[in-house]
Amino acid sequence: MSATKTALCAITASLLASASAPALAASGDDLSAIRAEIKEMRRDYEHKIDSLEKRLRAAEAEAKAAKAAAVAAKAKTGALAATTTTSASAPVVLASAPPPPPAETPAPRPPASAASFNPAISAILNGSVSSIEHDPALAAVHGFALGDEAGLPDRGFSLNESEVAISANVDPELLANLIVSIDGDNQLSVEEAYIQTTALGNGFTVRGGRFFSSIGYLNEKHAHAWDFEDAPLPYRVFLNNQYGDDGVQVKWLAPTDFFLEFGAEWFRGDAFPAGNADDNGMGTVTAYVHSGGDIDEESSFLAGLSYLRTKADGRNTGGDMFSGTDDLGIASLVYKWAPNGNPVNTNLVLNGEYFLGHEDGQFNGVPVNYNRTGFYVQGAYQFMPRWRIALRYAQVQSDIDLPLALAGSTLDDFGHSPQATSAMLEYDTSEFGRLRLQYTYDQSDLQPNNEVVFQYTIAIGPHGAHTF
Amino acid sequence: MRKLIFLAAILTAAFTAPARADLNVFACEPEWGALSKEIGGDKVSIYTATTGAQDPHQIQARPSLIAKARGADIAVCTGAELEIGWMPKIVEQSANSKLAAGQPGLFEAASFVRLKEIPARLDRAEGDVHASGNPHIQTDPRNILTVAKPLADRFAELDPANAAYYAQRYADFAQRWTAAIAKWEAEAAPLKGLPVAAQHAGWIYLFDWLGLHQIVVLEPKPGVPPSSGYLALVLATIEKQPVKMVVRAAYQDGRPSEFVSERAKVPAVTLPFTVGGTDEAKDLFSLFDDTIKRLLAAAKS
């Protein structure tokens, strides 16, 4: 086949050559002669390359067909063996018939197509059905002005946020990550979009763009990586579930034998608890230190101290206006245990965080200066592969000495300290699929609320590794 | 201000700390830690990230691992996506670009070995499949030898001052290892052709080496724990095609293989799988001594 092709090429080339020869003689122009020659050579080579490519494709197709045939033959023998050995309807996966043919293939070569530079693309989908005793739209956490995300879920069936994540190395110096989320009302939003250095050295990492702050423990984790369907009460009231904004972060990992990391961030300051980017659009600063290590082969911990300071300039929360400073300190501790350090069968995760906040400014035009505290503690236990249970208790408290002008307003806690207790049962279909049933006895409002949520969460595509 | 002084103190401590060894090795699995020790001797300082009791597919990016990866000159791992659930996060968080993919500081053993069981179809409906093939190459000692040479070369590349030392250690190891392989093959001769069941399809390299014949796997799909209904089907298969033993790795849940072992009345064998998987498997040599001893004991009963 290749011989005929070469012959064809030769004939075509000679035909072309003879066809162009008279033109050459007629013009007598050296330049055009050279041009014609180049053209001829190019054609010749194009033909050769073309035929070589065809041969290559044919050879590849042959190899593929042979492999497919081998696989089919293997599957056939497997199926045969199964039907002869078991009478049950579902065939047991048998090893290849004796003697096992060595399915060796040479080390894989990376595919040469342009698609091999495609970034890793994955999607997180989740939906839920909830039953909430008292209308969630009217629920309030008295004493606290809440951001727009901090409310309860809707009743009934709902598609929650769907996330599409795209990530890749940009070049040897940078990586990039984009996470777009689409909420149940078809609202598209950029959840995270940042670039990060990979080769600064000496333990330094710089990140810029939009991202979740690394303060606290849960804050930078995506909602699908939490142990409960929702954020704990203090995260809802202090950080509108999660603090993320546009800005820059610098992290430094100390060259110590145990884990010790320092970080600082500078944000635009548009997201709650900030508002209306003050200070030329650089309104929030944070600083934190995280430290941790292994206690023994079976257990490890991570502790953190974080601080956030922001200025709000006419922050609007459901009609309430606040201007002033908001300071927040968070102490966090996580402890993980697994027998022999192998979490596959059983494992335990305990964590808790304490929040201390201070707001100083004008609330609806009335001067306020007061402290707020909150904490949550939770434990999640995997008692057998694929099954987990978890318990959580959370509480927040406002220490405001309420000015008379604010009586009955959002900041009036009516002598009530908001709290919530949750229990969760989880079944994993695999590492990538999860079903959850969660019950919350919610005492954040004056009237206790019973809330039941059933939720599925799945990840498809090459989903990146998770943090501790 | 006090914070700054603290920071400065740590920085000074970091840069004045005496280097402990010429090469800091972060070994992803115990077998590569042990091989690094054989090749690197006292010129390397080794931190082994996992133990024989842990499932190398499912390790968490613990703070301790990030701290150790920060100062590593080389990560010696299996590759072939075995560590995909944790290593990328550790490398990113450690901010150590030496260990990034494509750098000489990331040594992936599986890239030097011809992998078996490359899936024809990549679909998570098939369970926990590895696109590049079965990564559990360390269960065949001939693969260890194949990997030892490029590892010695890599050590020499990163630490040229000790190149001769690594080459000499490799030559010595290769000689002892080749002799050991011959010894193991002679010992394991009675195992040839024996039909066995495996809990997880993690033994293809060992079985091919020793000529053991895998009749059935207890997991319905790789990494998917078997239900009791599925184990009943496995037992029906074993009734028609008897096996001599049920094999599992030390890090795996023993219940499925014990369930089958009791009902099919064949021994359940726990193999170390890697260094430290059993008390006897203290280094690479005793790993295979113990593996063959346990297989022979089960074959006799």
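User: In this predicted model, how many residues does each chain bring to the contact between chain B and chain A?
Analyst: The model is predicted, not an experimental result. Both chains contribute residues to the contact. The count is 49 residues from chain B and 51 residues from chain A.

User: Which helices and strands of chain B each supply at least two residues of the side that touches chain A?
Analyst: Four helices and a strand do so. The strand is E6 (213–217). The helices are H1 (2–16), H3 (63–70), H4 (87–94) and H8 (228–240) of chain B.

User: How does that side of chain B divide into nonpolar, polar and charged residues?
Analyst: Sort the residues of chain B that touch chain A by class. The charged class has 11 and the polar class has 15. The nonpolar class has 23.

User: Is helix H3 of chain B largely enclosed or not, and why?
Analyst: Look at burial along the helix. Among its buried residues are B:Pro63, B:Leu65, B:Lys68 and B:Arg70. Eight of the eight residues of H3(B) are buried, so the rest of the structure leaves H3(B) largely enclosed.

User: Is chain B as compact as a globular protein of its length, and why?
Analyst: Start with its make-up: chain B has 10 helices and eight strands. Its radius of gyration is 21 Å, and the globule rule gives 19 Å for 301 residues. Those values are close, so chain B is as compact as a globular protein of that length.

User: What box do the C-alpha atoms of chain B fill?
Analyst: The box is taken along the principal axes. Its sides are roughly 75 × 45 × 35 Å.

User: What percentage of the contacts in chain B with a separation of 6 or more joins residues 24 or more positions apart?
Analyst: Burial gives some background: of the 301 residues of chain B, 52% count as buried. Now take contacts with a separation of 6 or more. Residues 24 or more positions apart account for 63% of them.

User: Which residues touch the most other members of the largest nonpolar core?
Analyst: This core has 128 residues. Its largest share, six residues, comes from helix H5 (residues 141–158) of chain B. The residues that touch the most other members are B:Ala75, B:Val76 and B:Ala197.

User: What does B:Ala75 touch, not counting residues up to four places away in sequence?
Analyst: Set the sequence neighbours aside. The partners of B:Ala75 are then B:Phe26, B:Cys28, B:Ala69, B:Leu99, B:Gly105, B:Leu106 and B:Phe107.

User: Which strands are the edges of the open sheet of four strands in chain B?
Analyst: The strand order is E2-E1-E3-E4 in chain B, with parallel pairing. An edge strand pairs on one side only. The edges are E2 (44–48) and E4 (106–108) of chain B.

User: Which residue in E2(B) stands opposite B:Asn24?
Analyst: Strand E1 (residues 23–27) of chain B pairs with E2(B) in the parallel sense, over five bridges. Opposite B:Asn24 stands B:Ser45.

User: At what angle does H5(B) run to E3(B)?
Analyst: H5(B) lies across E1, E3 (74–77) and E4 of chain B. Its angle to E3(B) is about 170°.

User: Does A:Ser422 count as buried or exposed, and why?
Analyst: A:Ser422 is found in strand E15 (residues 419–430) of chain A. Outside its close sequence neighbours, its contacts include A:Phe228 and A:Tyr439. A residue is buried if 20 or more other C-beta atoms lie within 10 Å of its own. A:Ser422 has 24 such neighbours, so the residue counts as buried.

Note on methods. Residues are numbered from 1 along each chain as its sequence is written. Chains are lettered from A and ligands numbered from 1 in the order in which they are written. This is a predicted model: local features need pLDDT of at least 70, side-chain atom pairs count only at pLDDT 80 or more; totals for chains, interfaces and linings use all residues. A residue is buried if 20 or more other C-beta atoms lie within 10 Å of its own, exposed if 12 or fewer, and partly exposed in between; C-beta atoms are placed from the backbone. Two residues are in contact if their C-beta atoms, placed from the backbone, lie within 7 Å. The radius of gyration is taken over C-alpha atoms; the globule rule is 2.2 Å times the number of residues to the power 0.38. A nonpolar core is a set of buried Ala, Val, Leu, Ile, Met, Phe, Trp, Tyr and Cys residues joined through C-beta atoms within 7 Å. Two strands pair if DSSP finds at least two bridges between them. Axes are lines fitted to C-alpha atoms, for helices over the stretch in contact, and angles run from 0 to 180 degrees between N-to-C directions. Ala, Val, Leu, Ile, Met, Phe, Trp, Tyr, Cys and Pro count as nonpolar, Asp, Glu, Lys and Arg as charged, and the others, Gly among them, as polar.
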